[in-house]
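This report describes one protein model, from its overall make-up down to single residues. The sequence and structure come first, followed by the description.

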Amino acid sequence: MQHRCTMRGLQNALLVLTALASLSVCEGQTFKFAHLRWTACSKGFYDPYFPSVCKDATSNPRAIGFTLSASWGVTGNDPNRMLQQAFTDVSNFVNSNNTVRNLRLYRNKIEGQKAIKIGWREGKGMDTVLPPSGGIVDCPVPTCIGENTDYMFQIDRVSTDRTKVYARYSFEIIFPEDGVHSVYFEGCCRQTGTVNNELLTFHVRTEVLVSAINAVGPKASLRFEMPDTVVLRQVTSQVDAEKCAEQEMQTMAQCSAVDGCYHNFQVQALHPVAAFRSQISYRMADANEMGRYKCLERSDLADPTSPFQAMSTHCEPRVITANFASPASIELSSEGVVSFRIDKVGAWQATVVAVCEGCAGGGEDLISVLDFGIEVIEAWRFNNWQPPYSYFGETAALNNRDPPPSALVGITPLATFNDMMRYPMLQIQCGRSNFRAQRSSGLQMWDQSYLRIAYT
């Protein structure tokens, strides 16, 4: 969904300059979705798009491989956007039959308020300090060459209408000391047109326990497998009713502003190590985790106990004083079941935190953050009566090693089983919240086969 700022009454040069300044803040923002995952280099981290990551660090227990997955809207090339060459990069990808994957994310190191950073800090939560090195990731594997004005992401895919691009960036960090460290991706700003957190900063993070002793703590993080935007239907058509036996799906059309109406979906996430799955719980993010962390730094960098304060060099005044908030219409259980009220049409931003309870040792937790969107639409107004549906029946073995080539009907592009890093994990179904394994090998991707989500 694209929204543009309107500029009226440009009657003199001053107003023109004001409008152009507004453009760089408003129209230039297309960030939609992000999360980070990690695996110890000693435990086999590998990304075929970034083969140098962890290649020479497999014997170092403090070396960790990370993958940042993100999505943006695609419009024309524009120097005011994070993806300044979005149209060119996406065109190169499409015209090369998906072989030229470079996607340039401008870091904007000159303007601190709008800077895009990948980095790390010692500690977790509000108990963090900058490492002596500064903790900024400049390239996938140090030592870095050149100015690195862009993070060179690799495109996974683009939407059918070429209005969205999905890409990832893998990198390696060799931590100098044992302990818990926070790795983050932050920037300014979010997209326009959302009910909450419009045009505010984002800060997506994951926490990792680093230990020179291989037996201590998890050696991989939880994996999110969510669409960038969960699209919920306010009105259920008869076609949907024929496919969805759930009573809730039959009564959606009766939703009213008086009694409300909630639709449930499961956060798609799983820890790759079975021993840690029982330790995962979920909660909504606080204001810092939604993006305010970007604005904060200790008042005295030389004193790790000094209080945090909002920095005008990090964030614009409007962001520092803004109200970072979860959607008012959302509820999230500790099991990861989202209940979202669908009596109003609109778009919202949501930040969910997965907590690995006790995984940092000493009763301390590790977290991973997911940043995504939720939209509520009236299906009949958007020619969206028949969403894609699973090729498999409810009782079919979805972990079949050799499934049919077209696992989804009505979806473009089709799922690609021989490239698990590219496989679009979204399956669009009817409200059940259980997980099913797609495969028991490779990257161990998972999905929910009967979740009512629209593919966008």
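## Basis and overall make-up

Helices (H or I, at least four residues) and strands (E, at least two) are taken as DSSP runs and numbered from the N terminus. On that basis the protein chain has 6 helices and 24 strands. The model is predicted, so that local features need pLDDT of at least 70 and side-chain atom pairs count only at pLDDT 80 or more, while totals for chains, interfaces and linings use all residues. Residues are numbered from 1 along each chain as its sequence is written, and side-chain values use heavy atoms, with hydrogens and water left out.

Buried means under 20% relative accessible area, exposed over 50%, and partly exposed in between (1.4 Å probe, protein chains only). Of the 456 residues of the protein chain, 54% count as buried. Accessible areas come from the Shrake-Rupley method with a 1.4 Å probe, and for residues only the protein chains shown count as cover. The chain exposes about 19,500 Å², of which carbon and sulfur atoms supply 51%. A contact is a pair with heavy atoms within 4.5 Å. Among contacts in the protein chain with a separation of 6 or more, 69% are between residues 24 or more positions apart.

## Strand S2 and its partners

Strand S2 covers residues 63-73, and 11 of its 11 residues are buried. In a regular strand, side chains alternate between the two faces of the sheet. Both faces of S2 are covered. One side carries Ala 63, Gly 65, Thr 67, Ser 69, Ser 71 and Gly 73, and the other carries Ile 64, Phe 66, Leu 68, Ala 70 and Trp 72.

Two strands are taken to pair if DSSP finds at least two bridges between them. S2 pairs with strand S1 (residues 31-40) in the antiparallel sense over 9 bridges; Thr 39 has Gly 65 in S2 as its bridge partner. S2 also pairs with strand S7 (residues 164-174), again in the antiparallel sense, over 11 bridges. In this pairing Gly 73 stands opposite Lys 164 of S7.

## Nonpolar cores

A nonpolar core is a set of buried Ala, Val, Leu, Ile, Met, Phe, Trp, Tyr and Cys residues joined through side-chain atoms within 4.5 Å. The largest one has 58 residues, and Trp 72, Phe 153 and Phe 185 have the most contacts inside it. S2 gives the most to this core, with 6 residues. Apart from this core lies another, of 32 residues, including Phe 276, Phe 340, Val 352 and Leu 366.

Leaving aside neighbours within four places in sequence, Phe 153 is in contact with Leu 68, Ala 70 and Trp 72, among others. Its further contacts include Arg 101, Leu 105, Arg 168 and Tyr 169.

## Salt bridges

Side chains of opposite charge can pair when their charged atoms come close. A salt bridge here is a side-chain nitrogen of Lys or Arg within 4 Å of a carboxyl oxygen of Asp or Glu. The structure holds 13 of them. One joins Asp 178 and Arg 62, at 2.7 Å from N to O. Asp 178 lies in the loop between S7 and strand S8 (179-187) and Arg 62 in the loop between S1 and S2, so the pair links parts of the chain 116 residues apart. Asp 178 counts as partly exposed because its relative accessibility is 37%; Arg 62, at 25%, is also partly exposed.

The side chains of Asp 156 and Arg 168 meet at 2.4 Å, N to O. Asp 156 is in strand S6 (residues 150-158) and Arg 168 in strand S7, 12 residues apart. Both residues are buried, and a network of salt bridges links them with Asp 47. Glu 289 and Arg 283 form another salt bridge, with the closest N and O atoms 2.8 Å apart. Glu 289 is buried because its relative accessibility is 5%, whereas Arg 283 is partly exposed at 31%.

## A three-stranded sheet and Met 311

An open sheet of 3 strands has the order S12-S18-S17, with antiparallel pairing. Strands S12 (262-266) and S17 (330-332) are the edge strands, each pairing on one side only. S17 is joined to strand S18 (residues 337-341) by 3 bridges, and Glu 331 stands opposite Ser 339 in S18.

Met 311 is placed in the loop between strand S16 (308-310) and helix H6 (317-320). Not counting residues up to four places away in sequence, Met 311 touches Cys 295, Leu 296, Glu 297 and Ile 320. The C-alpha atoms of Met 311 and Gln 113 are separated by 9.2 Å, with these positions 198 residues apart along the chain counted as their separation.
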